[in-house]
Amino acid sequence: MIRKYRAEDIDKVLDIWLRASVQSHSFVKEEYWQKMVPVIKKYYLPNTDSFVFEDRHKIKAFMSIIDDKHIGALFVDPHFQNQKIGTKLVNYAKKIYPELTLKVYIKNAEATRFYQRNGFKIIAEQTDDDTQEQELLMSWSLECKSCHTKKHPGDS
């Protein structure tokens, strides 16, 4: 089930964030992610609209939305990846927010493909100020018909 994040979820959410960040961003030094934990805890999570995916009283993933449109975080516990949990969270957000944006590192090709499969389009390429890694700015909109039309093999 997907529900609103609660303050008592903090330790589990931070654990998922750190383990998934290190795993999916191996091109960034682990020390960077470790250094960010207090920032995420003190400033980031309290100022976002966050949701958790909980199954059998276990939090398996979370998503945070900034300013009613930007997916600032979508992380699935590495033990539960490839079970459509991320897709469920994205679809949940699409029901609430008519427009969504996000940033994803170019080197995180798996995440880029995930977002493209879920209707997000690349709208810009830029450099992340903190890591100096190249990232893509992606967008999805309820108004963009091509953003949520399923493509079939052979379609152009």
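Let me start with proline 38, which in this predicted model sits within helix α2, the element that covers residues 30–44. Is that proline buried, partly exposed or exposed? Its relative accessible area is 49%, and because the partly exposed class ends at 50%, proline 38 counts as partly exposed. If you look for a partner distant in sequence, leucine 14 is 24 residues away along the chain, while the C-alpha atoms of proline 38 and leucine 14 are separated by 9.3 Å in space.

Stepping back from that residue to the fold, the protein chain contains four helices and seven strands, and, read from the N terminus, their order is β-α-α-β-β-β-α-β-α-β-β. As for overall dimensions, the C-alpha trace spans about 45 × 35 × 30 Å along its principal axes. The radius of gyration is 15 Å, which agrees with the value near 15 Å that a compact globule of 156 residues would have. Of the contacts with a separation of 6 or more, 57% are between residues 24 or more positions apart.

Now to the interior, where 46% of the 156 residues are buried. The largest nonpolar core has 24 residues, and those touching the most other members are Met63, Ile65, Ile71, Leu74, Leu100, Tyr115 and Phe120. Which elements give two or more residues to this core? They are the strands β2 (49–55), β3 (58–66), β4 (70–76), β5 (99–105) and β7 (134–141), together with the helices α3 (85–96) and α4 (109–117). Among these contributors α3 gives the most, namely four residues. There is also another core, lying apart from the one I have just described, with 21 residues that include Val13, Ala20, Val28 and Tyr44.

Isoleucine 65 deserves a look of its own, and I would ask which residues it touches once those up to four places away in sequence are set aside. The answer is Thr48, Asp49, Phe51, His70, Ile71, Ala93, Tyr97 and Leu100, and of these Ile71 and Leu100 also appear with Ile65 among the core residues that touch the most other members.

Let me finish with the surface and the charges. The accessible surface of the protein chain comes to about 9300 Å², and carbon and sulfur atoms hold 51% of that area. On the charge side, the chain carries 25 positive and 22 negative side chains, and if one takes the centre of each set, the two centres lie 6 Å apart.

Definitions and conventions:
Residues numbered from 1 in each chain as written. Predicted model: local features only at pLDDT ≥ 70, side-chain atom pairs only at ≥ 80, totals over all residues. Heavy atoms only, no water. Rg over C-alpha atoms; globule rule 2.2 N^0.38 Å. Buried < 20%, exposed > 50% of the residue type's maximum accessible area, 1.4 Å probe, protein only. Contact = heavy atoms within 4.5 Å. Areas by Shrake-Rupley, 256 points an atom, 1.4 Å probe, with all protein chains shown as cover. Lys, Arg positive; Asp, Glu negative; His and termini not counted. Charge placed at Lys NZ, Arg CZ, Asp CG, Glu CD. Core = buried A, V, L, I, M, F, W, Y, C linked by side-chain atoms within 4.5 Å.
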